[in-house]
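Here are some exercises to work through with the structure open beside you. Try each one yourself before reading its solution.

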Amino acid sequence: MKKTKNGAGRPLLWQDPKTGEALPCIRINQLGYAPMLPKEVAVTAAGDYVLTAENGMTVATFANVTPKQDEASGDTVALLSLGDLAPGKYTLSGAGESREITVSKKPWREVTDALIKGLYFQRCDELSEEHAGIYKHPACHTGLVEEWRKPEPPIPEDVKAKIPPFFLKMLEIPPEEPYGEAPAPRRIKGGWHDAGDFGKYVGPGAVTVGHLLYAWKLFPAGCSDDLNIPESGNGVPDILNETRFELDWMLQMQRADGAFYHKLTTEKFADFIMPEDDTVPEYLSPISRCATGDAVAALALASRVYRAYDEAFADRCLASAKFGWEWLTAHPERRPYRNPMGLHTGFYGDGEDHDERFWAACELYATTGDEAYREAAEGFYREVRKLSSFGWAEVSGLGALCCLFDLKEKGGPVLYDDLKEAFLRRSEWALLNVKASGYGTAIPATKYEWGSILTSMSNGMAMIMNTLLTGREDMQAGALAQLDYALGRNALDLSFITGYGERRVMFPHHRPSAADGIEDPVPGLISGGPNSINNYPWVKERLAGVAPAKSFLDVTDSADTNEIAIYWNSPAVFVAAYFNSLT
Ligand code: 9MR
Ligand code: 9MR
Ligand code: ZN
């Protein structure tokens, strides 16, 4: 086995306050800014700042800047608004430092493309040299798969005594029962590897599909059709080509009775090897209600989007979605997924499924106009709260996207009028977080948890939706601040997107990036970012005393801070594609 890269030996710049190494005090969007949009730069030191153009002329001055304490980072921070600037290179100087800032017409075009192409690199398939360049690899996970049907052995009493009460409680709910005779071993092709691991999970995949399809529906001009993927040039926009790769897989993940398997993974997480070397068997896990709701929603949405390109595919998606919905209505009780004992890959446990059912009903109604779906959507709407959440666990925001931008007035008093008001109220909270943060980051100081980038990007999505509904510029600026955050305007002076930015993540928790022997990680993948809540013990120890927004290790082993995931890329695509469409 090749020696893997892990970054563990790197100097602990921001990680260890004891080294005393100071970060530069000017923090910028490292890819630059667009002429017509807000240009905010963060500075952490007090003093006078001057912005000069390339010819040395002073363009703006900022006298007596007094940074304020920022709770999340522990830094003192001030945001400087650079104002209207023509494309060009500028230098901001102050506090004994200076930093070059670029203004250009399309600063985020390349990174938007890269974030979509990042999903191509996650394909469970051969990546050819033509499309993947040095990141090519042979086909992977090509074996036959069977359902996981191993009986659960009783837990010995002495082991039970050591299991935390929370997990014990979970073990009381048995995994969902299998259906009928075990199907013959078969090949399930394609799908995206979820994250740094090679698992393929239906719920997270469907959520990713949702983000991407809405990004395309709302901002087609923001997504380029030139991604150099195998389907490029086939007359279908590349973002739809890429998304279909996951949908084709998802269709194979439906059980004979209509429910969807929760996931397709090996028994344990693989070592840090290339995907083609991960040759142990994969299993179809038990089904789950959340996964079924998510898949129904994504497939119903897909049947609308792809109809113009491929009728037969659209029909298949809709038939599968309806069949899945029938299963759900026949199984109305809430029952969270549980990993069967012995299957140790990602859990994606989610105790609530009304939000998944809500999203599914909305999409089915939007696609078919059938009143039964509207009634169901209205019913589940009464139980959903988080209309600005778009993550793997809480998908109500995706239902809101459907209602606000596809159904619109057809949604009527509940799914449009009431929902719109509730959504607008909820999205204020996103902006409040931006205002409360020194760097303008939409993550509350107490909420830097595993995958905190999702909070920032979800709030970015909510603020964009608000802007589309109200035209509010403060909301738009709040959303742009999330792109700035991801691209370096943050407490770490770090771009979280591999391959982009002068100072960027180099050692993501991503098996191919660690095992391929290539110095640069696979490009276009976004890191989960700082986490100060659910850390690995060794990370907790290493980050003791470090502020939440700095609780980050650019070290391969730190899945808790530096893993990548498809459903973190996709909300970033949504945000980046929006701003890209404005430039
Ligand atoms: O690599 C795994 C990553 O993809 C998961 O998100 C993470 C949490 O479920 O687990 C990682 O796998 C680790 C495992 O949980 C414990 N042994 C070390 C594995 C690699 O870091
Ligand atoms: O994104 C998930 C995060 O919200 C959880 O806190 C974390 C630990 O359970 O798991 C994350 O999901 C991982 C999944 O379990 C396995 N594949 C990698 C995912 C990203 O880290
Ligand atoms: Zn694979």
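## Exercise 1: A histidine in a loop

His141 sits in the loop between helix 2 and strand 9. Keep in mind that the model is a predicted one.

**Task.** Find out what sign phi of His141 has, near which value it lies, and whether His141 is buried or exposed.

**Solution.**

Step 1. Begin with the backbone: phi of His141 is near 50 degrees, a positive value in a residue other than glycine.

Step 2. Turn to accessibility. The relative accessible area of His141 is 6%. The cut-off for buried is under 20%, so His141 counts as buried at 6%.

## Exercise 2: The zinc site

**Task.** Identify the protein donors of the zinc ion (ligand 3), and explain why their arrangement is called tetrahedral.

**Solution.**

Step 1. List the donor atoms. The zinc ion (ligand 3) has as its protein donors SG of Cys124, SG of Cys140, ND1 of His141 and NE2 of His193. They lie 2.0 to 2.3 Å from the ion.

Step 2. Check the angles. The four donor atoms around the zinc ion (ligand 3) subtend 106 to 114 degrees. Four donors count as tetrahedral if all angles lie between 85 and 135 degrees, and the range of 106 to 114 degrees therefore makes this arrangement tetrahedral. As a reference, the ideal angle for four tetrahedral donors is 109.5 degrees.

Step 3. Read the donors along the chain. Their spacing follows C-x15-C-H-x51-H.

Step 4. Place one pair of donors. Cys124 and His141 are 17 residues apart and link distant parts of the chain. Cys124 belongs to the loop between helix 1 (109-121) and helix 2 (129-132), and His141 to the loop between helix 2 and strand 9 (146-147).

Step 5. Add the accessibility of the cysteine in this pair: with a relative accessibility of 5%, Cys124 is buried.

## Exercise 3: The surroundings of ligand 2

**Task.** Work out which residues surround ligand 2, and how much of the accessible area of ligand 2 the protein covers.

**Solution.**

Step 1. Collect the shell. Around ligand 2 are Asp194, Ala195, Asp197, Tyr201, Gly346, Tyr348, Trp392, Trp450, Asn534, Glu563, Tyr567 and Trp568.

Step 2. Sort the shell by class: seven residues are nonpolar, two are polar and three are charged.

Step 3. Look for polar side-chain atoms beside oxygen atoms of ligand 2. For Tyr567 the distance is 2.7 Å, for Trp450 it is 2.9 Å, and for an N or O atom in the side chain of Trp392 it is 3.2 Å.

Step 4. Finish with the cover. On its own, ligand 2 has 450 Å² of accessible area, and the protein covers 77% of it.

## Exercise 4: The surroundings of ligand 1

**Task.** Do the same kind of analysis for ligand 1: which residues surround it, and what share of its area does the protein bury?

**Solution.**

Step 1. The residues surrounding ligand 1 are Asp197, Phe269, Trp450, His509, Arg511, Tyr536 and Glu563.

Step 2. By class, this shell holds three nonpolar residues, one polar residue and three charged residues.

Step 3. Now the polar atoms. A polar side-chain atom of His509 is 2.6 Å from an oxygen atom of ligand 1, and one of Arg511 is 2.8 Å from an oxygen atom of this ligand. For Tyr536, a side-chain N or O atom lies 3.5 Å from an oxygen atom of ligand 1.

Step 4. Ligand 1 taken alone exposes 450 Å², of which the protein buries 58%.

## Exercise 5: Some further loop and helix residues

**Task.** Locate Asp493, Phe219, Phe552 and Phe121, and decide for Asp493 whether it is buried or exposed.

**Solution.**

Step 1. Asp493 lies in the loop between helix 14 (473-486) and helix 15 (511-515). Phi of Asp493 is positive, near 50 degrees, although the residue is not a glycine. Its relative accessible area is 1%, so Asp493 is buried.

Step 2. Phe219 is found in the loop between helix 5 (202-218) and helix 6 (238-251), and is buried at 4% relative accessible area.

Step 3. Phe552 belongs to the loop between helix 16 (537-542) and helix 17 (559-562). With a relative accessibility of 0%, Phe552 counts as buried.

Step 4. Phe121 is part of helix 1, and its relative accessibility of 10% makes Phe121 buried too.

Note on methods. Residues are numbered from 1 along each chain as its sequence is written. Chains are lettered from A and ligands numbered from 1 in the order in which they are written. This is a predicted model: local features need pLDDT of at least 70, side-chain atom pairs count only at pLDDT 80 or more; totals for chains, interfaces and linings use all residues. Side-chain values use heavy atoms; hydrogens and water are left out. Donors are N, O and S atoms within 2.8 Å of the metal (3.2 Å for Na, K and Ca); water is not among the atoms, so sites may look incomplete. Four donors count as tetrahedral if all angles lie between 85 and 135 degrees; four count as square planar and six as octahedral if opposite donors are over 155 degrees apart and all others between 65 and 115; anything else is irregular. Helices (H or I, at least four residues) and strands (E, at least two) are DSSP runs, numbered from the N terminus. Buried means under 20% relative accessible area, exposed over 50%, partly exposed in between (1.4 Å probe, protein chains only). A residue is near a molecule or strand if one of its heavy atoms lies within 4 Å of it. A polar contact is a pair of N or O atoms within 3.5 Å; within protein, one must be able to donate a hydrogen and the other to accept it, and residues adjacent in sequence count only if both atoms are side-chain atoms. Accessible areas come from the Shrake-Rupley method with a 1.4 Å probe; for residues, only the protein chains shown count as cover. Ala, Val, Leu, Ile, Met, Phe, Trp, Tyr, Cys and Pro count as nonpolar, Asp, Glu, Lys and Arg as charged, and the others, Gly among them, as polar.
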